[in-house]
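Visitor: Hi! I have a structure open on my screen and I'd like some help finding my way around. Could we look at it together?

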Amino acid sequence: MPISLYNSLTRRAEPFAPLDPERVTMYLCGPTVYNYVHIGNARGPVVFDVLVRLLRRHYPHVVYARNITDVDDKINAAAQQQGVQIDAITNRFAQAYRDDMAGLGVAPPDIEPHATTHIAQIVTMIEALIDGGHAYAAEGHVLFDVGSFADYGKLSGRDPDELIAGARVEVAPYKRNAGDFVLWKPSTPELPGWDSPWGRGRPGWHIECSAMSAAHLGETIDIHAGGVDLLFPHHENEVAQSTCAHGGKLFARWWMHNGMLTFDGRKMSKSLGNVLLLHELLKLHPAEALRLRLLSGHYRQPLDWSEAAIQQATSTLDGWYRVLRDLADVVLPAGELPVPPRIEAALCDDLNTPQALAELSVLADAARQSGSAEAKAALLGGAALLGLLQQSPEAWFRRGDEAIDEARIEDLLEQRRVARVSRDFARADAIRDELAALGIAIEDGAQGTRWSIVKA
Ligand SMILES: [Zn+2]
């Protein structure tokens, strides 16, 4: 089944064909690690995790890089404020990021390059840009000369002349054009810095991705992904740097951009006080419900986030896990789980996850009605490609709530069983009420009594 992906560069969906089918390359702009990320930052990693899963089904070798930006003015500010070295901040929050991504079921990238371990490659790339007449040193800075690259603005669809004319910010006197951007900047003694031909300094953000991408994936890569908020200037600048440093070679063959999250219809921002940290949400809600919600809209569209939407996702998963729980004794066919063609077709169609989720609901209904091993395998196989239904129904319904004393519940259930056997129904009902007061619902069935947590 061919994969079709929308390409921001050509502004249309195109049949995907890698440059080298033996080595598909993909780069996703990763986090700047100075605090916990918000839920909006998780959409790209989750969406593109599904894309990588799909690509791995089609190609034997996919190399997926997601970087860590570990030198940045925000990191420097946090380190100075707390009186520590920057790596005290970056190590802590890079690990927090990995943990939060693992919580969402996002597989780790094959390569996780850090900016601070690629300073040599960054310096070499800047030198190549200067030699090629695309960059210039001025007052300890090195700037990219946007006037030297005719295609500047092509990716984001902006007119460079308008960009320059529209620049209202105060332009540094050493810039040739208002739109020129920093490749290297000087560091004062108290700031992190590295020796370079232009003095002690540190890289600009954009050049990091260009250098790390080339170092690990080559000069031309198949897919470069990120949030649509990075389209300009970050990705436009990456294109300019990489193309000019590599003799005009195409940088990324596909550019893919995920839409932003809104919160109850509004932009998520610090000033509105509605920034939701993923780290906190993972403590409050089942991680798979967060993942399902992030996949419930088409990745190119904006997605609204609300408490009601998380509850909806949770109850959808309740329904699917109920089917699996009822089929607990149905033994799966031997071998790998199949991926149902309709799920695969939806994902091959520019990663249409809402359609794939609709198909998953159909498969859950079919499994409930037929109770067959094949239907159960189809449900699990389809869900696996989306990174869903990755736990046992028991674990899902108990939600890993540490406040729940499982031994006590099992003890009460046993007392109730004994009461029922001895026909002491008043006692049995009293125990049911006691469990309900603990937020535990029970369900008597052919295979004994099951319990689940009912509180939200
Ligand atoms: Zn980047």
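Visitor: In what order do the strands of the open sheet of 4 strands come?
Guide: The order is β5-β6-β7-β8, and the pairing is antiparallel. Keep in mind as we go that this is a predicted model.

Visitor: Which are the edge strands there?
Guide: Those are β5 and β8, where β8 covers 201-203. Each of these two pairs on one side only.

Visitor: And by how many degrees are neighbouring strands of this sheet turned against each other?
Guide: On average by 20 degrees, if you ignore direction.

Visitor: Let's zoom in on β5 and β6. How many bridges join them?
Guide: There are 4 bridges between β5, residues 135-138, and β6, residues 141-144. The two strands run antiparallel. For one pair to click on, try Tyr136, whose bridge partner in β6 is Leu143.

Visitor: What happens between the strands of that hairpin?
Guide: The hairpin of β5 and β6 has 2 residues between its strands, and Glu139 takes a positive phi near 50 degrees. That catches the eye because most residues other than glycine have a negative phi.

Visitor: OK, and how does β6 pair with β7?
Guide: In the antiparallel sense, over 3 bridges, with β7 spanning residues 181-186. Phe144 has Phe181 as its bridge partner in β7.

Visitor: Now the hairpin of β1 and β2. How many residues sit between the strands?
Guide: This hairpin has 4 residues between its strands, and Arg11 takes a positive phi near 60 degrees. The strands themselves are β1, residues 4-7, and β2, residues 12-15, paired in the antiparallel sense over 4 bridges. Look for Ser4, which has Pro15 as its bridge partner in β2.

Visitor: Changing topic: which residues are the protein donors of the zinc ion?
Guide: They are Cys29 through SG, Cys209 through SG, His234 through NE2 and Glu238 through OE. These donors lie 2.0 to 2.7 Å from the zinc ion.

Visitor: Is the site of the zinc ion regular or irregular?
Guide: Irregular: the angles among its 4 donor atoms go from 72 to 131 degrees. To count as tetrahedral, all angles would have to lie between 85 and 135 degrees.

Visitor: How are the donors of the zinc ion spaced along the chain?
Guide: The spacing is C-x179-C-x24-H-x3-E. Distant parts of the chain are linked here: Cys29 is in the loop between β3 (24-28) and α1 (39-58), while His234 is in helix α7, residues 231-245, and the pair is 205 residues apart.

Visitor: While we're at α7, what is special about the peptide bond from Phe232 to Pro233?
Guide: That bond is cis, with omega near 0 degrees, and Pro233 is found in helix α7. For background, most peptide bonds are trans.

Visitor: There's an open sheet of 3 strands too. What is its order?
Guide: β12-β11-β13, with mixed pairing. The edge strands are β12 (266-267) and β13 (303-305), each pairing on one side only. Strand β11, residues 261-263, pairs with β13 in the parallel sense over 3 bridges. There, Phe263 has Trp305 as its bridge partner in β13.

Visitor: Which helix lies across β11 and β13?
Guide: Helix α9, residues 287-295, running at about 145 degrees to β13.

Visitor: Last one: how do α11 and α12 pack?
Guide: Helix α11, residues 341-348, and helix α12, residues 353-370, pack at an angle of about 170 degrees, with axes 8 Å apart. Therefore α11 is roughly antiparallel to α12.

Visitor: Which residues meet there?
Guide: From α11 come Arg342, Ile343, Ala346 and Leu347, and they meet Thr353, Gln355, Ala356, Glu359, Leu360 and Leu363 in α12. The residues of this contact divide into 6 nonpolar, 2 polar and 2 charged.

Visitor: And what's in the loop between α11 and α12?
Guide: Asp350 is found there. Asp350 has a positive phi of about 50 degrees although it is not a glycine.

Note on methods
Residues are numbered from 1 along each chain as its sequence is written. This is a predicted model: local features need pLDDT of at least 70, side-chain atom pairs count only at pLDDT 80 or more; totals for chains, interfaces and linings use all residues. Side-chain values use heavy atoms; hydrogens and water are left out. Axes are lines fitted to C-alpha atoms, for helices over the stretch in contact, and angles run from 0 to 180 degrees between N-to-C directions. Angles under 35 degrees count as roughly parallel, over 145 as roughly antiparallel, 65 to 115 as roughly perpendicular and the rest as oblique. Contact means heavy atoms within 4.5 Å. Ala, Val, Leu, Ile, Met, Phe, Trp, Tyr, Cys and Pro count as nonpolar, Asp, Glu, Lys and Arg as charged, and the others, Gly among them, as polar. Two strands pair if DSSP finds at least two bridges between them. Donors are N, O and S atoms within 2.8 Å of the metal (3.2 Å for Na, K and Ca); water is not among the atoms, so sites may look incomplete. Four donors count as tetrahedral if all angles lie between 85 and 135 degrees; four count as square planar and six as octahedral if opposite donors are over 155 degrees apart and all others between 65 and 115; anything else is irregular.
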